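Here is a short tour for anyone opening this model for the first time. Have the picture at hand and follow along from place to place.

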Amino acid sequence: ETPQILWHSEKKNWNAALLSIVYLDTNVFCTAGHSNTIHLWNNTSNFVCELSRYDAPVNRLKLSPDKTTLAAAGDTGVVMLWTCEDWKTLTKENELKVSIAFRNGAPITDLSWSPDSKKLLISTIDHTVKIVQNSNMLFQSNAHSHYVQGVAWDPKNYYIASASSDRSIRVFKSKNTKKALKFETKSVVKYHTTSTTLQEEN
C-alpha cells in the first residue's frame with residue numbers, strides 16, 4: 001500500500017508545527033499551527049477544506065458549546081470566528097459566516113467559551129486574562145506576573161481560572177448579576193517546583 005503524505009503547509013516539503021486540534025462534528029476535525037491556515041479533515045484523514053482568513057500562526061482553536069462557532073486565536077492577537085450550522089456538509093470557507101470577535105495588542109495563547117456560547121475568555125503573553133464579547137472587553141485581570149498560558153471557564157458559570165508561567169493558578173469567582181458579568185479573585189494556587197503539591201494562598 002502506498003503511504004499518503006499530508007503537508008500541513010502551503011509551502012512544498014515544509015511540514016508546519018501543529019499547535020491545536022478540535023472536533024467540529026463526529027466525523028470532522030480541524031487542525032492549526034504555524035502554517036497560518038486551518039485545515040479541516042474527516043476521520044479517514046481525507047482533506048475537506050481550509051480556512052485561510054487568519055494571517056498568522058494559530059495557537060488555539062475552540063468550538064463553542066452550542067457547536068456552531070469555531071474560534072481561532074494566535075500571534076496577531078486577533079480572535080476570529082467561523083459560524084456553521086452543519087459542519088459535516090461544509091466544502092469551502094465561503095459557505096461560512098466569518099467575523100472578528102476581538103483584537104488584542106499581544107499574542108493570544110488560549111481560549112475558553114462561556115457556557116452560553118456568547119463570550120470568550122482569552123489569555124495573552126502580556127500577563128492578562130480577558131473576557132470579550134462582540135469586540136467589547138467585559139473583564140480584565142492583570143494579576144499574573146508572567147505569560148498566561150491557559151484559561152478555563154466553569155461549565156456552571158460560577159468560576160473562571162487561569163494558569164501562568166509565573167507558576168500560579170488564579171481562580172475568579174463570579175459576582176454575576178442580571179445587569180453585568182463580574183468576577184473577583186477568589187484564590188491563588190501556586191505550584192512549587194520542589195513539590196508535587198498545590199498550595200493555596202489567601
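Let's start inside the protein, at S117, which is buried because its relative accessible area is 14%, below the 20% cut-off for that label. Keep in mind that this is a predicted model. S117 sits in the loop between β9 (108–113) and β10 (120–124). Its phi is near 65°, which is a positive value in a residue other than glycine.

**The overall picture**

Step back for a moment. The protein chain has 17 strands and zero helices. Of its 202 residues, 45% count as buried. If you take the contacts between residues at least 6 apart in sequence, 34% of them join residues at least 24 apart. As a general point, strands of a sheet pair through backbone hydrogen bonds, either parallel or antiparallel.

**Around β10**

Now back to the strands beside S117. β9 and β10 form a hairpin with six residues between them, and S117 is in the turn. The two strands pair in the antiparallel sense over five bridges, and L111 stands opposite I122 in β10.

On the next step along the chain, β10 is joined to β11 by four bridges, and these two also run antiparallel. Here I122 stands opposite K130 in β11. The hairpin of β10 and β11 has four residues between the strands, and H127 takes a positive phi near 75° there.

Why is β10 described as largely enclosed by the rest of the structure? Five of the five residues of β10 are buried, so the strand earns that description. Both faces are covered: L120, I122 and T124 lie on one side, L121 and S123 on the other, and all are buried.

**A four-stranded sheet**

Look next at an open sheet of four strands, in the order β5-β6-β7-β8, with antiparallel pairing. Its edge strands are β5 and β8 (97–103), each of which pairs on one side only. From one strand to the next, the twist averages 20°.

At one end of that order, five bridges join β5 (residues 58–63) to β6 (residues 69–74). Within this pair, K62 stands opposite A71 in β6. The hairpin they make has five residues between the strands, and K67 takes a positive phi near 70° in it. At the other end, β7 (residues 78–83) and β8 pair over six bridges, again antiparallel. In that pair, W82 stands opposite V98 in β8.

**Positive phi values**

Several loop and hairpin residues have come up with a positive phi. The table puts them side by side and adds N157.

| Residue | Where | Phi |
|---|---|---|
| K67 | hairpin of β5 and β6 | near 70° |
| S117 | turn of the β9 and β10 hairpin | about 65° |
| H127 | hairpin of β10 and β11 | near 75° |
| N157 | loop between β13 (148–153) and β14 (159–164) | near 70° |

Is N157 buried or exposed, or does it fall in between? With a relative accessible area of 22%, N157 is partly exposed.

**I38 and its company**

I38 is placed in strand β3 (residues 38–42). At 0% relative accessibility, I38 counts as buried. Which residues does I38 touch, leaving aside its neighbours within four places in sequence? The list includes C30, T31, A32, C49, L51, V58, L61, A72 and W82. As for R53, the C-alpha atoms of I38 and R53 are separated by 8.8 Å, with the two residues 15 apart along the chain.

**An aromatic pair**

The structure holds three aromatic pairs. One of them is F139 with F172, an edge-to-face pair at 5.7 Å centre to centre and 75° between the planes. F139 lies in strand β12 (residues 136–141) and F172 in strand β15 (residues 168–174), so the pair ties together parts that are 33 residues apart in sequence. Both partners are buried: F139 has 12% relative accessibility, and F172 has a relative accessible area of 2%.

**The largest pocket**

Last stop: the largest pocket, which holds about 300 Å³ of space. It is lined by 18 residues, and L81, W113, S117, K118 and N134 are the closest to its centre. So our starting residue, S117, turns up again here. The elements giving two or more residues to the lining are β7, β8 and β11 (129–133). The largest share, four residues, comes from β8.

Definitions and conventions. Residues numbered from 1 in each chain as written. Predicted model: local features only at pLDDT ≥ 70, side-chain atom pairs only at ≥ 80, totals over all residues. Heavy atoms only, no water. Pairing = 2+ DSSP bridges. Axes fitted to C-alpha atoms, helices over the stretch in contact; angles between N-to-C directions. Phe/Tyr/Trp six-rings, centres within 6.5 Å; stacked < 30°, edge-to-face > 60°. Buried < 20%, exposed > 50% of the residue type's maximum accessible area, 1.4 Å probe, protein only. Contact = heavy atoms within 4.5 Å. 1 Å grid on protein atoms, 1.4 Å probe; cavity = no way out; pocket = protein on both sides within 12 Å on 5 of 7 lines; lining within 4 Å. Points joined across faces, edges and corners; volume = space filled by probe spheres on them.
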